[in-house]
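Please walk through this structure step by step, beginning with a single chain and ending with the DNA.

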There are 2 protein chains.
Amino acid sequence: MAQSAVHGLEPRKTPVQARSTETVEAIFEAAIQVLLAVGSARLTTTRVAARAGVSVGTLYQYYPNKQALLYAVLERHLEGIFAAVEQACRESCSKPLAQMSTALVDAFVTAKLQRTDVSKALYAVHADLDGARLVSRVHQRAERAIVAMLECVPGIQKDTLPFAARMLISTMAGTARHVLEAGASPAAKRDLREHLHLLCGAYLERLAALPWPERAPLTMRNATPKDGV
Amino acid sequence: MAQSAVHGLEPRKTPVQARSTETVEAIFEAAIQVLLAVGSARLTTTRVAARAGVSVGTLYQYYPNKQALLYAVLERHLEGIFAAVEQACRESCSKPLAQMSTALVDAFVTAKLQRTDVSKALYAVHADLDGARLVSRVHQRAERAIVAMLECVPGIQKDTLPFAARMLISTMAGTARHVLEAGASPAAKRDLREHLHLLCGAYLERLAALPWPERAPLTMRNATPKDGV
DNA sequence: CGATTAGATGAAGGAAGCTTCAGGTTTGGA
DNA sequence: TCCAAACCTGAAGCTTCCTTCATCTAATCG
């Protein structure tokens with residue numbers, strides 16, 4: 001279950017009896033509810049506890065502090081999304097490039113837009129926590145999966161793949177965020193998916209068609225002036 | 001100077017004498033300094049005032065509250081970046097598609113990565129303030145500029161342009177954010193620029209090559225199953 | 001050179017909310 | 001049944017920080 005690699009955010013105590021297992025889950029769900037109801041800025045531990053039907057003290061028995069609680073929520077959310085991405089990558093390994101792209105985009109978009117409200121609310125949490133570290137950890141797994149998938153493409157430049165994977169992830173994340181923060185109308189959701197198909201498809205095909213350089217790959221160490229695409 | 005369209009964030013008093021003009025600027029700069037020094041979460045009005053060499057009371061004479069101050073900082077930052085983008089669009093109107101893409105990417109990347117530390121620190125501010133509204137206002141201007149530029153491309157589907165422009169902006173913003181939050185090494189900066197050239201170039205060329213549909217544009221109302229890119 | 005306006009001060013009020021802990025209740029096994 | 005461990009309670013301590021305002025100094029003008 002992906003050990004939290006951040007100090008001070010580990011659960012304080014692990015539930016033993018069934019009663020407390022339910023309590024912990026109730027607190028977790030309540031955190032999401034409160035997030036949706038009043039937003040990240042006005043989310044307080046007391047409010048979360050009240051919503052969960054327990055007292056604050058109980059909350060602090062399982063989460064050492066407010067951050068830890070929010071961290072757990074964010075973590076589960078991200079895990080869900082990138083698990084979907086990883087699976088799509090695994091399943092598309094032997095397929096043609098265009099289908100890889102489509103599968104990747106569809107997996108991400110579907111997962112990310114499943115619970116529009118939650119996705120949106122969690123952007124604020126991400127900032128509070130300095131979620132960058134968590135995000136980068138989760139992204140890294142997705143990145144590896146994408147690289148593994150793309151390595152199956154014949155003739156592709158392998159050394160560009162890690163950064164290309166990061167580009168794909170951050171492009172999908174960035175555009176989705178934009179759509180979410182703008183309200184995520186049904187039309188926008190549809191457009192997002194279709195344009196991402198175009199965008200990622202075109203990018204990957206161009207990457208695959210890139211000529212093999214003699215000595216200087218795309219990520220070159222020796223500075224030569226850039227001239228055009 | 002782009003009237004702040006958000007209530008309660010307007011300056012409380014406008015400097016009249018030269019002395020106070022300097023004070024206001026000092027406070028503004030101090031806010032950035034403190035942001036870089038201790039981060040958004042630990043930025044307090046007292047700290048900012050101290051760094052500016054004035055007392056808290058003075059700060060509150062010009063900024064009605066802490067948010068207003070941070071809003072001003074974020075606003076100037078975004079204005080700077082998207083002014084560069086707008087200019088690039090204006091200058092590339094008659095050029096070929098590939099050069100449009102390159103100019104757009106270069107303008108954005110150069111502006112955004114100019115002050116890596118500031119860009120990075122402001123992500124937290126964006127969240128505190130619900131900067132989404134501000135961002136969308138600034139993005140809208142950039143979007144219009146991009147659309148105007150792309151409309152010069154012969155044979156391109158005009159009705160896809162607004163969303164395409166949003167895709168370009170949010171792609172650039174998303175990938176840049178990723179690079180910034182990962183530390184923005186020189187290598188990553190270089191890769192970002194070059195991959196954005198590939199990505200945006202490929203996307204735009206594909207958009208331009210899109211066949212004109214009979215009745216159903218890309219944003220179609222009647223659901224037909226998707227089959228491949 | 002007064003009078004008036006602009007600008008600056010910073011101690012203190014006050015709100016908000018995280019976290020603790022001393023003491024109660026429930027559970028489950030012996 | 002009885003006890004120890006698990007679990008729960010919630011008032012209160014404590015910290016942090018935003019914001020105000022009565023008061024003081026500096027600039028400007030007739």
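How many helices and how many strands does chain A have? In this predicted model, chain A has 9 helices and 0 strands. Followed along the sequence, the pattern of chain A is therefore written α-α-α-α-α-α-α-α-α. Chain A has 229 residues, and buried residues make up 40% of them. Among the contacts in chain A with a separation of 6 or more, 69% are between residues 24 or more positions apart.

The next point is how the two protein chains are related. A turn of 180° with a shift of 0.0 Å along the axis lays chain B on chain A, with an RMSD of 0.1 Å. This is the relation of a two-fold axis. Gly174(B) is the residue of chain B that comes closest to the rotation axis, with its C-alpha at 1.9 Å.

Where do the chains touch? The contact takes 38 residues from chain A and 36 residues from chain B. On the side of chain B that touches chain A, the elements that give two or more residues are helix 5 (97-114), helix 6 (116-128), helix 7 (132-150), helix 8 (161-181) and helix 9 (186-209) of chain B. Sorted by class, this side of chain B has 18 nonpolar, 12 polar and 6 charged residues. Of the interface residues of chain B, 100% are also interface residues in chain A, so the copies meet through the same surface.

The DNA comes next, beginning with DNA strand C. There are 25 residues around DNA strand C, and those that come nearest are Thr44(A), Asn65(A), Ser20(B), Val54(B) and Gly57(B). At least two residues of the surface near this strand are supplied by each of helix 1, helix 2 (45-52) and helix 3 of chain A, and by each of helix 1 (18-38) and helix 3 of chain B. Helix 3 of chain B gives the largest share, 4 residues. By class, the surface near DNA strand C divides into 7 nonpolar, 13 polar and 5 charged residues.

DNA strand D has 24 residues around it, of which Ser20(A), Val54(A), Gly57(A), Thr44(B) and Asn65(B) come nearest. The elements that give two or more residues to the surface near DNA strand D are helix 1 (18-38) and helix 3 (56-62) of chain A, along with helix 2 (45-52) and helix 3 (56-62) of chain B. Here the largest share, 4 residues, comes from helix 3 of chain A. The surface near DNA strand D has 6 nonpolar, 13 polar and 5 charged residues.

Technical notes
Residues are numbered from 1 along each chain as its sequence is written. Chains are lettered from A and ligands numbered from 1 in the order in which they are written. This is a predicted model: local features need pLDDT of at least 70, side-chain atom pairs count only at pLDDT 80 or more; totals for chains, interfaces and linings use all residues. Two residues are in contact if their C-beta atoms, placed from the backbone, lie within 7 Å. Ala, Val, Leu, Ile, Met, Phe, Trp, Tyr, Cys and Pro count as nonpolar, Asp, Glu, Lys and Arg as charged, and the others, Gly among them, as polar. A residue is near a molecule or strand if its C-beta atom, placed from the backbone, lies within 6 Å of it. A residue is buried if 20 or more other C-beta atoms lie within 10 Å of its own, exposed if 12 or fewer, and partly exposed in between; C-beta atoms are placed from the backbone. Copies are superposed by least squares on the C-alpha atoms of residues with pLDDT of at least 70 in both.
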